[in-house]
Structure formats: C-alpha cells, structure tokens
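This report describes one protein chain for a reader who has not met it before. Please look over the sequence and the structure shown here before reading on.

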Amino acid sequence: MNKLIEIGVAGFRVDAAKHMWPADLQAIYGRLNNLNEVAFGSGKKPLIYQEVIDLGGEAIKSDEYVGFGRITEFRFGMNLGNVIRKNNNQKLKYLRNFGEGWAFQSGNNALTFVDNHDNQRGHGAGGYGSILTHRQSRMYKMAVAFMLAWPYGLPRVMSSFSWPEHIVNGKDINDWIGPPHDENYNIKSVKRNSDLTCGDGWVCEHRWRQIFSMVKFRNVVGFDGVANWWDNDNNQIAFSRGNKGFIAINNEDHQLNQSLQTGLPQGTYCDVISGNKDGNRCTGRSIQVGGDGRAQIQVDNSWEDPMIAIHIENGKIGTTLKSCNVQESAPSSSSGWRFRPCFHM
C-alpha cells in the first residue's frame, strides 16, 4: 500500500473489511505514509473506505469500523431504490431526513452509492427488487441526481459494463459474465461516442450528461445545507442547497407546476439535466429566477428525465464560484472523517 501511495495512489477500498478484526485494520492503516506531496501537497493521508455490509440486523456493526476510515452504507442505495420504485407505498417526500434520520451511519463516516458491482448483479445487500442499476436508466438517473444533490456521506458514482441478463427464479444466472471481450477473451477497449457516452458493451454511467453535470452541481454547492424544502405530500420534491443550487424531481404520473423558492439570486439559469450553458445560451431548458428567489418550476412526468437542476455557475448573470480543491482530512475523535466534495471530470 505504501508503494502505491509513493507512485500517486490517493486511497483504497478495503474489500470484506467486516471479516477482519477492526484493531488489525487500524494498525495497518496507522503504518501508511502520507500521500505523494507532488500530487497532493504535504500532510495528506490516503482516503480509506471499507466494505462493511450492515443493514441493521447484522452481528457485525459498521460502528466498529469508523474512526479510521469510511464504511460502505448499503442501506442508502437499498432504501433510495425502494423509494423511487415506490415499493411498499414509499414516497419521495420521506427523503426529507434521508441519512442519519433513517438510522444510517453518520454522514461523516458513510460512503454512499446507488449500486455497486455486487448488488447490481443481485449479490450482497439490497437485491433486484430494491437496487436500481443502469438497466432502469430513468429511475437510476433520478436516484443518482438525488444522491449528488443531497448532503449526506461521500458519494461514489458507478461505471459499468453490460451483460446479457437472464433471470431464473429471481437470480441472474449470467451474473458471472465479465467485461466486453473478443473471441480470445481479450478485454475490448472502451468505445467512446461523440456525445461522450460509451458503446460496444461499456455503459460508463459517469459519462452520462445527467450524472456528470450533477457532479459539478455537488462541487458548486459544497457544504451548504438543505433549504427551501418543498413536496406535494407525495412524489414530487424540491430543495435548494443554501443559495447555490436547486433541484426538483417529479416521480408522479402528472406534471409538477409550482411557484417555488429556489434560494438563488435573480437571473436566468440553465438546467443541467436537459443540457448545459453554451456561451450566453442554454442548450436545454432554462429557469427564470425572480428578485425574490422564486421561480415557476415545471417538470413534466413525460420527460426522459423528470427533473431539473440549476446552480450559480450555470446562470447567465451573477458571480460564479470556483470548484474546491480541499482533500479528505485525517479523522478526529470529535467529528470523524470530514469531506469536502471535490471532483475532477
């Protein structure tokens, strides 16, 4: 691990951490060097996140592995999938306290994700009836957009390849299939399409416009908290992140059309879900915010992506913010692991 740190690796995912004694892992992490100074500056420690499946009824608790690294919060993707699928009459309005309010691990200690390489194949926590994957692309983009807009945990975006799914008795019997390959089983190079997406069996969710644009959204809003929450008491929600970003999601079978408080300065903003800002025009939809911060928000349930998201760096007027460059800090006994969301596309 120290050799990898020396050549520029910034962090590690520890597989099956819950099958290892916590004190042993802590001893190993304690011997790790600081990150490469040339790339990351001085005094920086590697990011550690550990695979610990804890759905609340486990003999091994995720609490045993915090304080020296983050843990994989499997309940996040499982419950978010249930809400967006409307399983057991779940509603978007219930997400108002999503995170610690749902008895999840502290956000300072959690690694969040909609799906991962295991549960997208029916393995591990969640299962086919809950977990959303690229195969349910409409709902999946809604889930990832919410994850990146919501200030809980450290989010991880999935990037996949496809395979011919074959479900028998609730199990994918093709779950063993690896990445795209030729007849000699050499892995194929990733095919990159003109719209930045991938092809030839590669899915590359991180290249979907709706997803990489929400990564930028998260950079812009930083640590600002949730404000201006609105819901229709059912499956339409909207909220701002301070006065820097605003998102509205419609998971109903009818239109959302409301005058809502966005918290943003007056101006015209480009919706980053349907397009982006190109010079002084929007390639997708635009939202007009008034001097009082309110805007008429319309989200049609028939759209490919029934949501809009705007932030202050995609406005035609106003001051823009710089993306952050703060790294994960070392753990402390008082606050756990702190995270400044910094992504580079």
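## The sheet

Gln50 has Ile71 as its bridge partner in strand E3. The model in which this pairing is found is a predicted one. Strand E3 covers residues 70-72, and 2 bridges join it to E2 in the parallel sense. On the other pairing of E2, strand E1 (residues 11-14) runs parallel to strand E2 (residues 47-50), with 4 bridges between them. One of the partnerships here links Gly11 to Leu47 of E2.

Further along, strand E4 (residues 110-112) pairs with E5 through 2 bridges, again in the parallel sense. Leu111 has Leu154 as its bridge partner in E5. Put together, the strands form an open sheet of 5 strands in the order E1-E2-E3-E4-E5, with parallel pairing. E1 and strand E5 (154-155) are the edge strands, each pairing on one side only.

## Salt bridges in the whole structure

Over the whole structure, the search finds 13 salt bridges. One of them brings together the side chains of Glu58 and Lys18, at 3.5 Å from N to O. Glu58 sits in the loop between E2 and E3, and Lys18 sits in the loop between E1 and helix H2 (22-30), so this pair ties together parts that are 40 residues apart in sequence.

Side chains of opposite charge can pair when their charged atoms come close.

## Two domains

The domain assignment divides the protein chain into domain 1, made of 1-169 + 191-214, and domain 2, made of 225-317. Taken over C-alpha atoms, the centres of domain 1 and domain 2 are 26 Å apart.

Where the domains meet, 21 residues of domain 1 are in contact with 28 residues of domain 2. The size of an interface is often given as the accessible area lost when the parts come together. For domain 1 and domain 2 the buried area is about 2100 Å², with 58% of it on carbon and sulfur atoms. Leu92, Lys93 and Arg138 supply 26% of the area that domain 1 buries against domain 2, which is more than any other three residues.

## Polar and charged links between the domains

How many salt bridges are counted between domain 1 and domain 2? The count is 3. Lys93 and Asp233 form a salt bridge through their side chains, with 2.5 Å from N to O. Lys93 is also among the three residues named above for their share of the area that domain 1 buries. In addition, 16 residue pairs are in polar contact across the interface of domain 1 and domain 2.

## The side of domain 1 that touches domain 2

Helix H4 (74-85), helix H5 (137-149) and helix H6 (209-221) each supply at least two residues of the side of domain 1 that touches domain 2. H5 gives the largest share of that side, 6 residues. Sorted by class, the side of domain 1 that touches domain 2 holds 11 nonpolar, 3 polar and 7 charged residues.

Technical notes:
Residues numbered from 1 in each chain as written. Predicted model: local features only at pLDDT ≥ 70, side-chain atom pairs only at ≥ 80, totals over all residues. Heavy atoms only, no water. Domains from an automatic or database assignment. Contact = heavy atoms within 4.5 Å. Buried area = accessible area lost by both parts, 1.4 Å probe. Salt bridge = Lys/Arg side-chain N within 4 Å of Asp/Glu carboxyl O. Polar contact = N/O pair within 3.5 Å; in protein donor to acceptor, adjacent residues only side chain to side chain. Nonpolar A, V, L, I, M, F, W, Y, C, P; charged D, E, K, R; others polar. Pairing = 2+ DSSP bridges.
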